[in-house]
Amino acid sequence: MGEDTESSKVNHSFLRDYVTEADVISTVEFNHTGDLLATGDKGGRVVVFQRETVVGHKPKGELDQVGETGESGEYNVYSTFQSHEPDFDYLKSLEIEEKINKIRWLPQQNAAHFLLSTNDKTIKLWKVSERDKQPEGYNLKDEEGRVKDISTVTSLQVPVLRPTDLMVEVRPRRVFSNGHTYHVNSISVNSDGETYLSADDLRINMWHLGITDRSFNIVDIKPANMEELTEVITAAEFHPHHCHLFVYSSSKGSLRLCDMRASALCDRHTKLFEEPEDPGSRSFFSEIVSSVSDVKFSHNGRYLLTRDYLTAKVWDLHMEKGPVETYQVHDYLRTKLCSLYENDCIFDKFECVWNSSDSVIMTGAYNSFFRMFDRETGRGVTLEAWRETSKPRAVLRTRRIYTGGKRRRGDVGVDSLDFTKKILHMAWHPEENIIAIASTNNLYIFQDRVSPDTQDPDLGSNTI
Amino acid sequence: MFPKGTKRKFSDSGDEPAAGGEDVNQPSSVAVRMLSSYSLQRQSLLDMSLIKLQLCHMLVEPNLCRSVLIANTVRQIQEEMTQDGTWQIMTQALSAANAAAQCSADRLVATEVLCRQTEATQGEQVLKPFPAVGSEGCPAEEEVVVEEEGEGGVTMSTVSPQAPTSYLPGTFGMDPCWEEENGEDEEEDEDSEECGSGSEEGDSDRLVEDSRTAEQVFGTFEIKNPAPSPDPALEELFSDVDASYYDLDTVLTGMQSAPKMGPYDLLESLSSHGPSPLSSSTSCRSDLNELDHIMEIIVGS
């Protein structure tokens with residue numbers, strides 16, 4: 001991150017290929033206004049970007065009045081801090097990775113910003129605040145903080161706050177530890193603003209943001225006999241409006257909506273969303289590719305978006321028997337499942353996101369490609385997040401995978417896809433068409449520019 | 001990217017019969033070819049799955065979701081193989097192979113399966129998988145040496161991975177990763193729970209344990225009662241496991257601040273502490289000693 005993107009003429013490929021493992025981005029999340037963007041990486045660090053307020057930047061709706069293109073603010077580094085350190089579980093003699101699995105922002109209540117970050121075992125609440133004033137003129141202490149000799153104090157003065165350079169301070173405010181035996185895969189802040197859930201492979205806990213030494217266990221699918229374990233929890237999320245509802249997905253492709261008013265332990269779901277398996281297409285990999293890797297409520301709270309290995313599905317909360325929409329993300333991989341099983345790619349967990357109006361969904365794929373689907377037309381486009389092909393401010397071109405028929409220039413063959421370049425993590429701005437895509441150690445931010453000549457939006461890029 | 005020289009997959013081999021210019025008078029040969037290629041495909045998938053489960057992530061706790069999915073795949077294959085009778089064939093083939101144990105000196109690839117009939121499970125075959133691949137310079141880089149004391153002595157077969165037909169993976173009750181033996185082979189003990197190993201993906205040292213319960217890979221995440229093993233050879237192997245870790249009191253005092261963990265949870269977290277302290281080098285060494293010992297018995301020297 002922060003590399004010079006203008007040096008495209010110099011061959012830096014050998015440097016680019018050297019990616020420090022710790023720099024690989026493992027999660028991306030916008031805050032509720034979209035002004036802040038947080039990324040977590042495998043080294044346990046969190047980098048927060050802030051959108052700069054450009055003079056002349058008009059809020060959404062007045063874009064057409066600002067010059068030829070609505071010039072939106074860019075995202076610059078606001079703060080960096082080490083959230084989690086590598087740890088060691090002495091009982092099991094196993095290391096605990098410091099990789100940040102998820103970051104979730106709390107809704108802003110005062111001048112400070114709060115975010116939750118989690119690794120496999122421990123969740124932390126961080127306070128990000130600005131300080132641009134400093135008190136000066138203490139009576140008993142001098143400017144460096146040393147205690148003054150009383151005899152030198154001849155008069156009293158009132159300390160005043162003087163402006164200083166902006167400082168961003170990050171402090172851990174809560175550490176929620178020892179809540180999980182298995183690896184935490186999801187956290188979700190409740191709409192009540194007071195509680196949040198954390199889900200691991202077999203259990204979901206609900207915490208109060210102010211209480212760190214205990215949590216409620218609300219889902220437990222651990223069988224009494226571990227030998228009977230066939231299903232694990234893969235993701236969980238609270239409903240955006242109803243503080244009593246949450247959903248969790250499983251490795252068998254099912255979703256369970258639970259109502260916390262029904263009972264304290266929500267092992268029995270309120271609704272079970274499951275698509276019956278097509279017996280004709282059953283293979284040894286059917287179960288693996290049906291495992292849901294991510295689940296997201298729509299902003300309006302009426303739909304669920306899920307991602308499994310080959311598809312993205314939209315479910316209506318009122319209809320349990322199957323998804324209302326299914327989008328093929330990379331169906332050309334269906335015949336390659338055995339090889340993908342061999343190289344473990346079949347276990348990759350892709351995320352999926354909604355746009356602000358719930359009309360477009362987006363998810364990642366291989367070869368630095370990501371896909372966007374327009375729900376109204378059902379059309380999908382393939383885009384690429386790769387430095388070679390996108391200069392800053394350049395318009396993203398759509399890409400195609402060649403699967404037969406007439407081959408066009410620029411089409412990529414299935415066998416030349418790079419499976420090490422996977423787009424797993426991404427985020428969509430809550431209000432505008434700005435997306436953040438993580439590709440190994442790079443973060444790409446694309447903004448929608450509606451050109452005045454046509455109504456087709458293109459995407460301009462800003463590589464960080 | 002896909003490694004070069006990858007075996008042709010089922011989807012490719014599906015083209016074979018069509019392209020082969022087969023004689024229409026012998027449609028059965030096509031069917032046979034397709035069937036055998038499917039079987040080979042299935043077999044290689046099974047081998048691959050078992051190896052994946054064995055992979056040793058010594059440092060970091062392995063991904064439970066991945067393990068569960070692989071285990072389910074193995075179970076599915078095994079069920080299918082049982083249904084079409086392939087399982088029986090392989091069982092017999094393996095018994096024959098057991099009798100003529102071949103050792104490949106340079107590779108020491110020990111892939112073992114023990115097939116055993118048990119009285120309790122009325123005729124149902126219970127197989128024990130030992131997909132133990134231990135080698136010097138084996139490309140898979142796993143060093144799992146498994147041995148078992150079966151009825152009538154030690155049976156051990158060394159099979160190279162290139163001969164998948166003689167490799168019988170085994171059951172479901174599957175347990176590719178093993179826990180320590182509870183000593184009594186014939187003991188019918190549903191609750192005889194063995195200590196889990198450090199991770200379900202294989203510590204190098206695995207002792208196969210005779211169990212008829214569906215013992216799975218996630219058994220490693222669970223600890224059960226540390227069963228005393230009267231067998232002296234096993235005692236030796238586990239001599240360096242610190243028994244005090246199994247003392248619940250010790251653990252409890254160390255975890256006063258744990259909010260929601262009851263004794264059951266603590267037991268679980270103890271579970272993978274079982275053989276995990278055994279480092280690969282010490283366990284391999286003791287395994288090789290055992291191996292020598294056993295070879296002597298077989299050879300009768």
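How many residues lie between β8(A) and β9(A) in the hairpin that they form? There are 4 residues between β8(A) and β9(A) in this hairpin, and the briefing below places the two strands in their sheet before turning to a second sheet, to a pocket and a cavity, and to some individual residues. The model is a predicted one, and the values that follow are computed from it.

**The sheet that holds the hairpin**

- The hairpin strands belong to an open sheet of 4 strands in chain A, which has the order β7-β8-β9-β10 and antiparallel pairing.
- At the edges of this sheet stand β7 and β10 (160-176) of chain A, and because each has a single partner strand, one side of each is left without a neighbour in the sheet.
- Direction ignored, neighbouring strands of this sheet are turned against each other by 25° on average.
- Strand β7 (residues 102-105) of chain A runs antiparallel to β8(A) and is joined to β8(A) by 4 bridges; within this pairing A:Arg104 has A:Leu116 as its bridge partner, while A:Trp105 stands opposite A:Leu115.
- Towards strand β9 (residues 123-136) of chain A, β8(A) pairs over 6 bridges, again in the antiparallel sense, and here the bridge partner of A:Leu116 is A:Leu125 in β9(A).
- A:Leu116 is thus a bridge partner of A:Arg104 and also of A:Leu125.
- Strand β8 (residues 113-118) of chain A is mostly covered, with 5 of its 6 residues buried.

**A second antiparallel sheet**

- Another open sheet of 4 strands in chain A has the order β19-β20-β21-β22, and its pairing is antiparallel.
- Its edge strands are β19 (294-297) and β22 (325-328) of chain A, each of which pairs on one side only, and the twist from one strand to the next averages 15°.
- Between β19(A) and strand β20 (residues 303-307) of chain A the antiparallel pairing extends over 4 bridges, and A:Phe297 has A:Leu304 in β20(A) as its bridge partner.

**The second largest pocket**

- The second largest pocket holds about 1,100 Å³ of space, and of the 40 residues that line this pocket, A:Glu277, A:Ser281, A:Phe285, A:Ser286 and A:Val289 are the closest to its centre.
- From chain A, the elements that give two or more residues to the lining are α2 (286-290), β21 (311-316), β22 and α3 (337-342), and from chain B they are α1 (10-13), α3 (27-54) and α4 (64-83).
- The element that gives the most to this lining is α4(B), with 5 residues.
- By residue class, the lining of the second largest pocket divides into 15 charged, 14 polar and 11 nonpolar residues.

**Cavities**

- The count of cavities of 30 Å³ or more comes to 6.
- The largest cavity has a volume of about 120 Å³, and of the 15 residues that line this cavity, the closest to its centre are A:Ser291, A:Ile346, A:Phe347, A:Asp348 and A:Lys349.
- Here too α4(B) appears in the lining, giving the largest share of the lining of the largest cavity with 3 residues.
- The lining of the largest cavity divides into 7 nonpolar, 3 polar and 5 charged residues.

**Individual residues**

- A:Thr382 is found in strand β26 (residues 380-384) of chain A, and its side chain is joined to that of A:Arg371 by a polar contact of 2.9 Å.
- A:Thr382 counts as buried because its relative accessibility is 8%, which is under the 20% cut-off for that class.
- A:Ser93 is not a glycine and yet has a positive phi of about 55°; the place of A:Ser93 is in the loop between β5 (87-89) and β6 (94-96) of chain A.
- With 25% relative accessibility, A:Ser93 counts as partly exposed.
- A:Asp344, likewise not a glycine, has a positive phi of about 70° and lies in the loop between α3 and β23 (352-354) of chain A.
- The relative accessible area of A:Asp344 is 25%, so A:Asp344 is partly exposed.

Note on methods: Residues numbered from 1 in each chain as written. Chains lettered and ligands numbered in written order. Predicted model: local features only at pLDDT ≥ 70, side-chain atom pairs only at ≥ 80, totals over all residues. Heavy atoms only, no water. Pairing = 2+ DSSP bridges. Axes fitted to C-alpha atoms, helices over the stretch in contact; angles between N-to-C directions. 1 Å grid on protein atoms, 1.4 Å probe; cavity = no way out; pocket = protein on both sides within 12 Å on 5 of 7 lines; lining within 4 Å. Points joined across faces, edges and corners; volume = space filled by probe spheres on them. Nonpolar A, V, L, I, M, F, W, Y, C, P; charged D, E, K, R; others polar. Buried < 20%, exposed > 50% of the residue type's maximum accessible area, 1.4 Å probe, protein only. Polar contact = N/O pair within 3.5 Å; in protein donor to acceptor, adjacent residues only side chain to side chain.
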